[in-house]
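Got the viewer open? Take a seat and let's walk through this one stop by stop.

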Amino acid sequence: MGVLVEQIRTGGDRNFGYLCADEATGAAFAVDPSFSPDVVAETATRKGWCLGYAFATHGHSDHTNGNEAFERLTRLRVLLYGDRCPLTGIAVQHGAVFPLGNSSISILHTPGHTPDSICIQAGDALFTGDTLFVGKVGGTWSDEDSRQEYHSLHDRVMALPEQFRVFPGHDYGTRPSSTIGEEKKSNPFLLQPDVEAFIDLKANWAAYKKAHGIA
């Protein structure tokens with residue numbers, strides 16, 4: 001038994017929200033309910049999953065705008081990086097582990113797109129927010145942000161097993177999900193030999209997309 005994932009198109013700019021449940025017990029959590037908190041909550045109820053936590057992958061409004069409504073619907077606080085879970089007393093920080101039925105939830109702090117960006121791992125599922133998309137990576141606003149993102153990706157995300165499934169915060173790639181192994185082999189940002197090449201690709205991404213026929 002592992003974890004079950006429900007990917008939900010929540011609206012906005014091709015945003016994804018998620019439900020993830022421990023298959024054995026139905027203990028579940030939500031990720032980025034954003035524009036459709038009611039749909040995320042109703043889907044959990046329909047599936048008979050018991051929501052114990054909710055997380056936002058970072059503080060941008062397109063990922064947090066539904067937090068208050070989701071909290072009213074579920075009585076669960078949507079946790080961001082640095083928050084402390086009122087149920088367990090566990091703080092959302094790098095290396096934190098939350099119990100989930102017979103499984104667990106692990107937090108990876110992955111700054112770059114934002115200082116508070118996190119990825120959330122349960123079983124073989126990794127919810128990457130705007131840190132990693134399918135074939136792309138999250139936007140950054142300075143070279144220093146890009147350096148942080150590079151190290152977050154290589155030191156933390158790409159260090160995970162290749163079979164882990166990648167569930168991004170937006171449907172920006174050629175398909176709605178991927179794996180760590182597939183991204184290592186095909187994502188042009190992850191194929192760059194060093195951080196300077198990574199930053200250079202970010203600066204010249206529009207020309208690279210045009211040259212390689214990437215949407």
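Here is a short tour, with something to select at each stop.

This is a predicted model, so-called local features need pLDDT of at least 70, side-chain atom pairs count only at pLDDT 80 or more, and totals for chains, interfaces and linings use all residues. Residues are numbered from 1 along each chain as its sequence is written, and side-chain values use heavy atoms, with hydrogens and water left out.

**Stop 1: the five-stranded sheet**

Select strands S1 to S5. They form an open sheet in the order S1-S2-S3-S4-S5, with mixed pairing. Helices (H or I, at least four residues) and strands (E, at least two) are DSSP runs, numbered from the N terminus; two strands pair if DSSP finds at least two bridges between them. Strands of a sheet pair through backbone hydrogen bonds, either parallel or antiparallel.

Now look at the edges: S1 (3–11) and S5 (78–79) each have a single partner strand, so one side of each is left without a neighbour in the sheet. Next, pick S2 (residues 15–22) and S3 (residues 27–31), which run antiparallel and are joined by four bridges. Click on Cys20 and you'll find its bridge partner in S3, Phe29.

**Stop 2: helix H1 and its neighbour**

Add H1, which lies across S1, S2, S3 and S4 (50–55) and runs at about 150° to S1. Axes here are lines fitted to C-alpha atoms, for helices over the stretch in contact, and angles run from 0 to 180 degrees between N-to-C directions.

Then bring in H3 (residues 67–74): H1 (residues 37–47) packs against H3 at about 30°, with the axes 9 Å apart. That makes H1 roughly parallel to H3 (the label for angles under 35 degrees). Show side chains for Pro37, Asp38, Val40 and Ala41 of H1, plus Ala69, Phe70, Leu73 and Thr74 of H3, to see the contact (heavy atoms within 4.5 Å). By class, the contact of H1 with H3 has six nonpolar, one polar and one charged residues. Ala, Val, Leu, Ile, Met, Phe, Trp, Tyr, Cys and Pro count as nonpolar, Asp, Glu, Lys and Arg as charged, and the others, Gly among them, as polar.

**Stop 3: the six-stranded sheet**

Move on to S6 through S11, an open sheet of six strands in the order S6-S7-S8-S9-S10-S11, again with mixed pairing. Its edges are S6 (97–100) and S11 (178–179), each with a single partner strand, so one side of each has no neighbour in the sheet. S6 and S7 (residues 103–109) run antiparallel, joined by four bridges. Try Leu100: its bridge partner in S7 is Ser103. Helix H4 packs on this sheet, touching S7, S8 (118–122) and S9 (125–129), and its direction makes about 150° with that of S7.

**Stop 4: H4 meets H6**

Keep H4 (residues 143–157) and add H6 (residues 195–203): their axes come within 10 Å and cross at roughly 120°. H4 and H6 are therefore oblique to each other. On the H4 side, the contact includes Asp143, Arg147 and Tyr150, and on the H6 side, Glu196, Phe198 and Lys202 are among the residues met. The residues of this contact divide into five nonpolar, one polar and five charged.

Conventions
Angles under 35 degrees count as roughly parallel, over 145 as roughly antiparallel, 65 to 115 as roughly perpendicular and the rest as oblique.
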